[in-house]
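This report concerns a predicted model. It describes strand pairing, the helices that accompany the strands, and a contact between two helices.

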Amino acid sequence: MTSFRAPVERLAFVSWLRRCAAGTVVVSALFLAGCARVDVSREYTIGYGNDLPLHFRTSDGRPTGLAVDLVREAAKRRGIRLRWVNGTGFNQRTMDMWVLMTVRPERAMTVHLTEPYLQSESCFLVPAEGAVHRLEDLSGLRIGLVNYAVHRDNIRRYFPAAIPVPLANSQEALTKLSLGEVDAAFVNQYAVLNALLEGGSRLALRILPADIPSAELALASTFESADVADEIRDEMRTMADDGGVNPIVQRWAFFPNLTTDMIGELAESQRRVQWLAVGLAGMTVLLGLTLWLATLSRRRATQLRRTQQLLEQVSARVPGVVYQFRLNPDGTSCFPYASEAIRQIYRVSPEEVVTDAGKVFAILHPDDVQAVRISIETSARDLTAWIHEYRVRFPDGTVRWLLGNALPQREDDGGTLWHGFITDITERKVADEALHAYERKMQETQKLESLGILAGGIAHDFNNILTGILGNASLAAMDLPLGSPSQESLECIKQGAVRAADLCRQMLAYAGKGRFVVARLSLNALIQDTTQLLQLSISKHAVLRQNLAQELPPIEADATQIRQVIMNLVINASEAIGTKSGVISINTGLTRVDRDYLAGTILAPELPPGTYVYLEVCDTGSGMSPETQAKIFDPFFTTKFAGRGLGLAAVLGIVRGHRGALKVYSELNRGTTFKLLFPRAEGQAEPSVPGLQPAPHWRGRGCVLVVDDEETVRSTVAVMLRRLEFEVALAADGREAVAVYAARPERYVAVLMDLTMPHMDGKEAFAEMRRVRSDLPVVLMSGFNEQDAIAQFTGKGLAGFLQKPFQFEELMTVMRATLGRDPAAPDRP
């Protein structure tokens, strides 16, 4: 049932019917008199519907009901004049308020809702002789819902298996129950009892109280009339406090515990007064017709004014221009209506374009004018929606992106009128461009990383194979006498293996895993040391020039790797010049770069803005097309007749390994510039220190444990160590090595161990061995660069490093450096 916030006594419904009929003539007279004395400045239009007994129109056209009387009395107390309009729903163009609306969160976005002043108590109505006796029996049945949008979610929540069926009103609920089209109906208890009193069903029905939260009901209004609606609601609160609501609630109250069994007696009383209601309804129609004819013009003017005000209010809240655009039969155009936002979008006033749209077309971006005209002509011809993105350019050079969206209609004179809106989407376009640029950069980075992983894996495996080839070739050469015919063949094998190892180094460089011996280096000194070699490497038609900045800070770099970068870039520049005369310039300097500059480089998204040392190699050669530029760093891509295509790929890997960035500028027939950025290092550049030279007659003593998962590497290293007079023990992985070592730890003078192995890698095996003996010398063997490989052993006492592939002399040099003149491994003549 519907209840108010104060206790009341309930009176008979029959007495209400009688008073309703008797007062119809008086109400009609007061209605006419009130219209004659309307105060326009204080009159508000309020709508009501047909929801007995809350708000409905009597047979004589009078608004009545519990909610109507409460609102009417509260407004009267506050001196607010109301004009009641019957309708099917709240029409904000013709109404200021609506007498009663269910409170829902989404409605508060379009209308103003006061605090609730009534609550609706609903029930389930089922056939008396049916199978439904408890709420649990409703599961899986068809449940008709009056006010479907409000109650649908609750029914699904409490009866998930039920099938909700929308109903227009309580009368339709009774009809569908009678026809068996629904098994139950979820209705307002008071409303359905009123429908039964009207003779709505001959079917015996039963009411099941609903264990579902009641709906709260409030006074609704436009946002412009919110203060008036709230004032009426405040007065209701006062009426509740001083007892003013009691007579109204009592007037509309049913008998306590009224059920369907009592409907028969009440219906008989209703039929006795029905003839009076019909007669009074006819009188009301005649009086209403007279009033309508007298006030038609005034209402139309008022409605037009309110419609215009509403349009302006809505337009002001829309992000963009609300407009009408007309294309005349003669090809001219105009904006019959445009909201004030056109001043911001097009920088013109609505009055300037109401008869001529020329000022709008004048600021269209030149590159978009034709596309805009074609899209308008297509929409006009086919009467399809006009949706188009385009740019405008203002006299000050500002460019903005706009989105137009409109629907066309054909006019009587053959012209076309569009209704729509235009919004500024510049920020969205800028964000989209930034996102696309980021995605392209991420794809480029992922591609480089994927290719780098592939190249690094291939190079690592090849280095293991080349270790066996190069090691055995160097051992075989030692066993043959000088002048042996086989010496030449072995030398060819060694040269081929060295070239293959060089290819692996370039692949590792591309992967960023080349061998780095990092020190603080002077970039200028490296270039000057390489000048003679560069002069011999370039074409005779090319002139090499150097422009090296003075007092250039050092960089943290590997000298061999940076020399390779310089050589590759200069040789590429020379080949780009070809047989024509040209210039190759090598420039260095210090530059400060910001985030925008770094975003346009390769490999730099994670680099911080700041000061960097740069190396620039420029040529005046043939240049490159954008298509070629997109591929130059791919492994094995080349534009040369012959070559491996790893030069620039290796450059990219070396720059990546040095945490630098790279940028390419190139135009066809105008040359190419490669600019490399390296982080500057603090302090002074370090002088180069010659490495330890091998001692030809050095020999060792004791047992060395060799650990590698590649049998070829194990056997080759074992032969080399035996040549140095070491005893050798072998292990195929870290787990086996730990077990072999733990059995006799005192036996071993050193361990040669691979880094990457199955079951247990070199790092874990190293830690386990050091737990047994903390002073054990361990030399790491790896196909990856020394810097990356030994980084995992920093501070742990790694004795040495061997870069695969290696020859006998390199192994001897490392073992001598590791064991020195220890008594267990003395020098021998």
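I143 stands opposite P164 in β11. Strand β10, residues 142–146, runs parallel to β11, and five bridges join the two.

Both strands belong to an open sheet of five strands with mixed pairing, in the order β11-β10-β12-β9-β13. Because β11 (163–167) and β13 (205–209) each have a single partner strand, they form the edges, and one side of each is left without a neighbour in the sheet. From one strand to the next, the twist averages 30°.

Two helices lie across strands of this sheet, as tabulated below.

| Helix | Residues | Strands crossed | Direction |
|---|---|---|---|
| α4 | residues 148–158 | β9 (122–127), β10, β11 and β12 (184–188) | about 145° to β10 |
| α5 | residues 170–179 | β9, β10, β11, β12 and β13 | about 160° to β12 |

The edge strand β13 is thus among the strands that α5 lies across, while the strands listed for α4 are β9, β10, β11 and β12.

A separate topic is the packing of two helices with higher residue numbers. The axes of α21 (residues 711–723) and α25 (residues 808–819) come within 10 Å and cross at roughly 65°. The crossing in which α21 passes α25 is right-handed. On the α21 side, the contact is made by V717, M720, L721 and R723, and on the α25 side by F808, L811 and M815. Of the residues in this contact, six are nonpolar and one is charged, with no polar residue.

Terms used: Residues are numbered from 1 along each chain as its sequence is written. This is a predicted model: local features need pLDDT of at least 70, side-chain atom pairs count only at pLDDT 80 or more; totals for chains, interfaces and linings use all residues. Side-chain values use heavy atoms; hydrogens and water are left out. Axes are lines fitted to C-alpha atoms, for helices over the stretch in contact, and angles run from 0 to 180 degrees between N-to-C directions. Helices (H or I, at least four residues) and strands (E, at least two) are DSSP runs, numbered from the N terminus. A crossing is left-handed if the near helix is turned anticlockwise from the far one by less than a right angle, and right-handed if clockwise. Contact means heavy atoms within 4.5 Å. Ala, Val, Leu, Ile, Met, Phe, Trp, Tyr, Cys and Pro count as nonpolar, Asp, Glu, Lys and Arg as charged, and the others, Gly among them, as polar. Two strands pair if DSSP finds at least two bridges between them.
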